[in-house]
Amino acid sequence: MTDRAGATIRAEALTKRFPGASAPAVDAVDLHVAAGEFMTLLGPSGSGKTTTLNMIAGFEEVTSGRILLDDDDIARLPAHRRNLGMVFQSYALFPHMTAAQNVAFPLRQRKVGKAETARRVAEALELVHLGGHGDRLPSQLSGGQQQRVALARAVVFSPRALLLDEPLGALDKKLRESLQLEISRLHSELGITFVFVTHDQEEALALSDRIAVFRDGRIEQVGTPTELYETPASRFVATFLGDSNVFTGTVHGGLLDTGSAQLHCDGPDGPGCLVVRPERLRIGAAPADGANRLSATVSDVVYQGAFRRILVRFDDGSTGLVRDAGDAATTTRGDRVEVSWPAAAGVLVPETAAERVGAGVGSGSGVGVGAGVGVGA
Amino acid sequence: MTVTSPVAGAAAPAPPRAPDPPPGRRLARRVSLLLAVPALLVLLVFFVVPALRLLWLSVTTPEPGFGNYTALVADDVTTTIVLRTLLMAAVVTVVCVLVAYPYAYLMTIVSGRWRGVLLAVVLVPFWTSLMARTFAWVVLLQDNGVVNQVLGAVGLGPVRLLGTTAGVTLAMAQVMLPFVVLPVYTAMRGIDRRLVDAALSLGARPVTAFTRVYLPLSLPGVAAGATLVMVLSLGFYVTPSLVGSPQQSMLAQFISVQVNQLVDFGAAGALAVTLLVVTLLLLGGVRMLTRTRGATGSGIAGGLT
Ligand SMILES: Nc1ncnc2c1ncn2[C@@H]1O[C@H](COP(=O)(O)OP(=O)(O)O)[C@@H](O)[C@H]1O
Ligand SMILES: [Mg+2]
């Protein structure tokens, strides 16, 4: 073990092909996790996140590619010699051992002395606020408590990286939020590298230093939560992370032609999608020069306390979503409105052939928008 | 199960305890006991009454007193037969567990189709009559039978199998195999595969992951299967009679001789009661073992290392 707390993890052209499967589950993934970083692997179910993590942990054989832990290639090292902590969605606590015995397990494997083991077990349980619960069996603990024990067990032997596979997936919303804070605190207290798998974009945005968005066994984009949200590289990323209005068409000289409208945008000529976040759209406010403007009919208003979600139908029949913080407080269903946004608020992403086939709504919580009617100012 | 507060540092909740059911539920539970009445009646008529009658005979025939029991203890032949029966039952149990455990494990890792095939192979003994299978073993175990031809081919034979305890053990183990495979498979299917992954990630070598995690969790299935086989083996009659020899007889055969050839109901009763007591002692022992394990929870793991 080195004096540094966290290890860098680098996957190079990492590939996994399951026997009999037509497409690889993980397809030439390159991923660089910095020492001490909180990296989240985010993607829909079946996109290869678990398989990637399992290859890093050593549970799944690598078809090809390299995995570097600092400078050592660990791709062919058996799991028990990798010294990486792992937390599972199912907790995976040994049901026949008490919480303390579970936490002591990795220390026993390392032949740590009795007194030292007792001290470190108590410390680890304290770290997850479960001091005094050491003599309970897993079946006598709640789901949240079980996952805390699993966290303590995974860090008690001071691994240089912690791998977490949807650790909060089996918990209800309230518990999930409290454990999110816990995991965040553990990360900053321990200073080790975290690789965290989830399909929950809110969780990813809340916790991560950086996020790698997975899709069909490949990484679609890697970046900080802000980068991914503000400047998505593809329509998939835009719709998977947060809500988006997406206008498809052909760009020519800084104008996107949707078939029924010309929208200002910044990008190269050719087919493309213009992505605009709902909070960047304005209803009713006087648009600045160079803004895009579309007329629409309000089809629904959902009051959410601090803001309203206003669902609109553009004149060409496509739908859009506006997140309004107060400008349109009097808007109600059926109103005719002008929806506008500054050209700089939109992000132009390439439109791939696959996306054109599955036109309209992207996966996740995105709102797909075909084309709006109206005239750019 | 008690769900405890997720709040950090919350006071330790009381240990979980099954709450008392509400009165309505209690009544329903009492009524549902009626469901057991047919089974209890059958047991009473076909087991309890004959057993009591045997007990009665053993202390009244040919004259009142414990003469049959003192004779039983004094008689070397009886002692030998009881010990032989216990030993053979134990060997059959061990053989069954050793064969069934890897077989059941295989069933948990193969694809669905192969699992079906393996399950069918195990269940075949359940679908064919005991007599048919035992006669098949008589044919197989003959001096020039298939088993001896194979042993001869690899330079180990021929060995005398028919009429020996080795032959009986082999045949009985085959007959009993499903009784171990099924409970062990059921126990294994209930084990989360990720527990083994977890053990590996925590630094356990594969062998340690097996002995400290997988094996202890599969032991309840082994205990259930082994108990079944042991108990069934103690009173097994058909296979030892057909495959074995009178010189190597087991307890059930010996009882049958007392009844059918010597017409000594008193001795037969005493032997049967002995068999019953040995079986009950065995079951009691297993129950005590599993109960203490359940209480400490970690007993299984602790006992292994
Ligand atoms: N053991 C396996 N055998 C065959 N295919 C598998 C196996 N595990 C996963 N897959 C396939 O690999 C793909 C990626 O799965 P996974 O990594 O579990 O996705 P995720 O964790 O992102 O939901 C899926 O299509 C899945 O069906
Ligand atoms: Mg997964």
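Helices and strands here are DSSP runs, with at least four residues for a helix and at least two for a strand, numbered from the N terminus. Keep in mind that this is a predicted model.

**Exercise 1. Work out the element order of chain B.**

Solution. Begin with the count: chain B holds 14 helices and 0 strands. Then read from the N terminus, which gives α-α-α-α-α-α-α-α-α-α-α-α-α-α. For burial, 37% of the 305 residues of chain B count as buried.

**Exercise 2. Describe how H5(B) and H8(B) meet.**

Solution. First, find the axes: helix H5 (residues 112-127) and helix H8 (residues 165-189) of chain B come within 7 Å and cross at roughly 135 degrees. That angle makes H5(B) oblique to H8(B). Next, list the residues in contact: H5(B) supplies B:Arg115, B:Leu119, B:Val122, B:Leu123, B:Pro125 and B:Phe126, while H8(B) brings B:Gln174, B:Pro178, B:Phe179, B:Val181, B:Leu182 and B:Tyr185. Sorted by class, they come to 10 nonpolar, 1 polar and 1 charged residues. Finally, check the hand: the crossing is left-handed.

**Exercise 3. Test the length of H5(A) and trace its buried residues.**

Solution. Helix H5 of chain A (residues 173-190) has 18 residues, so at 1.5 Å a residue it should span 26 Å; its end C-alpha atoms lie 25 Å apart, which agrees. Now look for burial: A:Leu175, A:Leu179, A:Gln180, A:Glu182, A:Ile183, A:Leu186 and A:His187 are buried. Among the partners these buried residues pack against are helix H3 (114-127), helix H4 (143-155) and strand S7 (161-165) of chain A. To finish, step past the helix: just after H5(A), A:Gly191 adopts a positive phi of about 70 degrees.

Key. Residues are numbered from 1 along each chain as its sequence is written. Chains are lettered from A and ligands numbered from 1 in the order in which they are written. This is a predicted model: local features need pLDDT of at least 70, side-chain atom pairs count only at pLDDT 80 or more; totals for chains, interfaces and linings use all residues. Side-chain values use heavy atoms; hydrogens and water are left out. Axes are lines fitted to C-alpha atoms, for helices over the stretch in contact, and angles run from 0 to 180 degrees between N-to-C directions. Angles under 35 degrees count as roughly parallel, over 145 as roughly antiparallel, 65 to 115 as roughly perpendicular and the rest as oblique. A crossing is left-handed if the near helix is turned anticlockwise from the far one by less than a right angle, and right-handed if clockwise. Contact means heavy atoms within 4.5 Å. Ala, Val, Leu, Ile, Met, Phe, Trp, Tyr, Cys and Pro count as nonpolar, Asp, Glu, Lys and Arg as charged, and the others, Gly among them, as polar. The expected span of a helix is 1.5 Å times one less than its number of residues. Buried means under 20% relative accessible area, exposed over 50%, partly exposed in between (1.4 Å probe, protein chains only).
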